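Me: I have a model open on my screen and would like to talk it through with you. Could we go step by step?

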Amino acid sequence: MNVSDPILELENISLSFGAVHALADVSFSIYPGEVLAIIGPNGAGKTTMLNVINGVYHPSEGKINYKGQARARMRPHQTAVQGIARTFQNVALFKGMNTVDNIMTGRNLKMNTNILLQALYWGPAQREEAVHREAVEKVIDFLEIEAVRKTVVGRLPFGLQKRVELGRALAAEPEILLLDEPMAGMNLEEKEDMCRFVLDVNEEFGTTIVLIEHDMSVVMDISDRVVVLDYGRKISEGTPDEVRGDQRVIDAYLGVAH
Amino acid sequence: MLYRESGQFKTSYKADMAIFPIRQDLWGLITTLIVAVVIVPLFASEHMIVGYLLPFMIWSIAAIGLNILTGYAGQLSLGHGAFMAVGAYSAYNLAVRIPDLPLLAVFIGAGLIAAACGVVVGSPSLRIKGFYLAVATLAAQFFSEWVFATFPWFVGGAASMVIDTPKMSLFGYPIESNLDNYFLVLGFVIVTTLLAKNLVRSEIGRAWMAVRDMDVAAEVIGIRPLYTKLSAFAVSSFFAGIAGALYAFCYVKSVDFTAFDLFVSLKVLFMIIIGGMGSILGCFLGAAFIVILPILLNVAAHHLTGGNVSPELITNIEHMTFGGLIVYFLIVEPHGLARMWTTAKEKLRLWPFPH
Ligand SMILES: Nc1ncnc2c1ncn2[C@@H]1O[C@H](COP(=O)(O)OP(=O)(O)OP(=O)(O)O)[C@@H](O)[C@H]1O
Ligand SMILES: [Mg+2]
């Protein structure tokens, strides 16, 4: 595979909920190692797009190619095996579990001792726990959440919950990381931290990042390319500067009548 | 001795992942074990053993089973009694039809057959959730009651549909006295508790809780929903099967189709609600509570009325008290007695200088 070949291609994706055309004939590609931002007004179909990419929803029309091969209809746990991880717009942590255990779930695909050995907590099962616990501790250090390691996540403030959720996705060591508004509801300092984490992940591990974000300054700062959705349609695509100057984008954000 | 974590620095993740990471908890456990293995056999009366300890231990195993399914994996079941019944009948048939089968194999076999039934009953859980799944498990409950009341084959053709369990012996040693039975059940309690504790702190335990707390996110991170739910059903029913077999062989010493009705399923559910969902300790607290409460109520009623109170009235008071407690716990403390206990411990940890 060539470096510049897309890792994921979305071709003519359409998906409707009743009369709502959440996505209508959207095509774009995701290239390895890039930070791609998806922007657009509320209800534009951004979250729906992520749900299509990782198999939560199945498009009614269109095709998805993964590394040049047509991807069959897949359940989310199968796309996870292909190396896609994500965070959610409304934090979707496992509320009753602590930080370590939440992030440990991100390692589940790499753990494969059988249930019997786990019940005995013996030999390979115990070693595996220790190995992956170490990997999780690295994620915890990286995200600077050592202090809340053993805290049940339901009790954490929103900003930290978002960080733990990022940690859970990172623990999976994904090839493609989907982030649905990772900075929403954060103060300036928290946003800066989050930007730093996202960029570090992208640079250090070469992780491809697809990110939905409303804060334009963030988008302009960290993304390589931008896809703009409006009412389920792709209205623009390009570098941050190109998109910023696009009249259709300006109209969409100013709410020009359709 | 103060209940403190301080001074107990963990030098490796392994130590931090230990089954009882806080030393005082470990000592508490060791004390309990000494009481169970040494003190009880020396000092407990037969009545104490048969009347309270055996049922308490057997219900604890059943509660651990249900807690894994409902408390940890979040799948509500009203059919736990059915799996206990399957365990009891399987053990009877294995013991009678394969005379040379060792006793442990009888019980484990019973657990495995119950586990297989659990997988069958749990298989719609991928499609149906919550209330509807509960109804499906309820159907399993009624189906099992009907099967065991209808087909004499399960009790070797006995027309009464009730039959005594065969004599047991373990490694050539006959299990006859109440104390023998006590030790046998105690062994199972210890082993099931360890297995359960290990499972819930392992990968599968985290997968169960993940599915319980946020099933979409669990699947997105790669957790297979069907395998996770079915494994919870299997493990849960395995423990239920063992509990049912022990109930029949060691406690009532007969296999009886009326023993595992819907009320049994509800009773185990009450135990985990009162004891604490998602807590192994809670299973023991809940089981103890259910065994002890009727006795306390009885004593209280006798004291208050001077002895002339009808048993029916006491039973009614018992039901009302349970009802009230369930409502109380569901609303005020959904994590049950176990959470009250942890809260108390947290206070103790900081005592005498909170903050
Ligand atoms: N499961 C669903 N059922 C019905 N309608 C849905 C569903 N999911 C999304 N929609 C609709 O599809 C459209 C696109 O929603 P989506 O969540 O993708 O928007 P978004 O771009 O993420 O918006 P926001 O910025 O508010 O998060 C909206 O009109 C929404 O109401
Ligand atoms: Mg959205």
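Reply: Gladly! The radius of gyration here is taken over C-alpha atoms, and the globule rule is 2.2 Å times the number of residues to the power 0.38. Please keep in mind that this is a predicted model.

Me: What radius of gyration does chain B have, set against that of a compact globule?

Reply: Chain B counts 355 residues, for which the rule gives a radius near 20 Å. The C-alpha atoms of chain B fill a box of roughly 70 × 60 × 45 Å along the principal axes. The radius of chain B agrees with the rule, at 21 Å.

Me: And what is the radius of gyration of chain A?

Reply: For the 258 residues of chain A, a compact globule would come near 18 Å. The box around the C-alpha atoms of chain A is roughly 65 × 40 × 40 Å. Here too the value agrees with the globule, being 19 Å.

Me: How many helices and strands does chain B have?

Reply: Let's take the chains in turn. Chain A comes to 10 helices and 10 strands. For chain B, the count is 14 helices and four strands.

Me: What share of the surface of chain B do carbon and sulfur atoms supply?

Reply: Chain A exposes about 11300 Å², with 51% of it from carbon and sulfur atoms. Chain B exposes about 16500 Å². In chain B, the share from carbon and sulfur is 71%.

Me: How far apart do the centres of the positive and negative side chains lie in chain B?

Reply: In chain A, 26 positive and 36 negative side chains have centres 7 Å apart. Chain B has 20 positive and 19 negative side chains. The two centres in chain B are separated by 11 Å.

Me: Which residues coordinate the magnesium ion?

Reply: The magnesium ion is ligand 2, and its coordination distances run from 1.9 to 2.1 Å. One residue lies in helix α1 (residues 46-53) of chain A and the other in the loop between β6 (84-87) and α3 (99-105), so the pair ties together parts that are 42 residues apart in sequence. Both donors are oxygens, OG1 and OE1, and they belong to A:T47 and A:Q89.

Me: Is A:Q89 buried or partly exposed?

Reply: Buried means under 20% relative accessible area, and exposed means over 50%. A:T47 has 24% and counts as partly exposed. With 30% relative accessibility, A:Q89 also falls between the cut-offs, so A:Q89 counts as partly exposed.

Me: A:N12 has a positive phi; where does A:N12 lie?

Reply: Phi of A:N12 is near 50°, although the residue is not a glycine. A:N12 has 40% relative accessibility and counts as partly exposed. Its place is in residues 8-17 of chain A, strand β1.

Me: Is A:Y121 buried or exposed?

Reply: A:Y121, another residue that is not a glycine, has a positive phi of about 50°. A:Y121 sits in the loop between α4 (115-120) and α5 (124-142) of chain A. Its relative accessibility is 9%, so A:Y121 counts as buried.

Me: How far apart in space are B:T315 and B:L297?

Reply: B:T315 belongs to helix α13 (residues 311-332) of chain B and is partly exposed at 34% relative accessibility. In sequence, B:T315 and B:L297 are 18 residues apart. From C-alpha to C-alpha, the distance between B:T315 and B:L297 is 9.3 Å.

Methods
Residues are numbered from 1 along each chain as its sequence is written. Chains are lettered from A and ligands numbered from 1 in the order in which they are written. This is a predicted model: local features need pLDDT of at least 70, side-chain atom pairs count only at pLDDT 80 or more; totals for chains, interfaces and linings use all residues. Side-chain values use heavy atoms; hydrogens and water are left out. Helices (H or I, at least four residues) and strands (E, at least two) are DSSP runs, numbered from the N terminus. Accessible areas come from the Shrake-Rupley method with a 1.4 Å probe; for residues, only the protein chains shown count as cover. Lys and Arg count as positive and Asp and Glu as negative; His and the chain ends are not counted. The place of a charge is taken as NZ of Lys, CZ of Arg, CG of Asp or CD of Glu. Donors are N, O and S atoms within 2.8 Å of the metal (3.2 Å for Na, K and Ca); water is not among the atoms, so sites may look incomplete. Buried means under 20% relative accessible area, exposed over 50%, partly exposed in between (1.4 Å probe, protein chains only).
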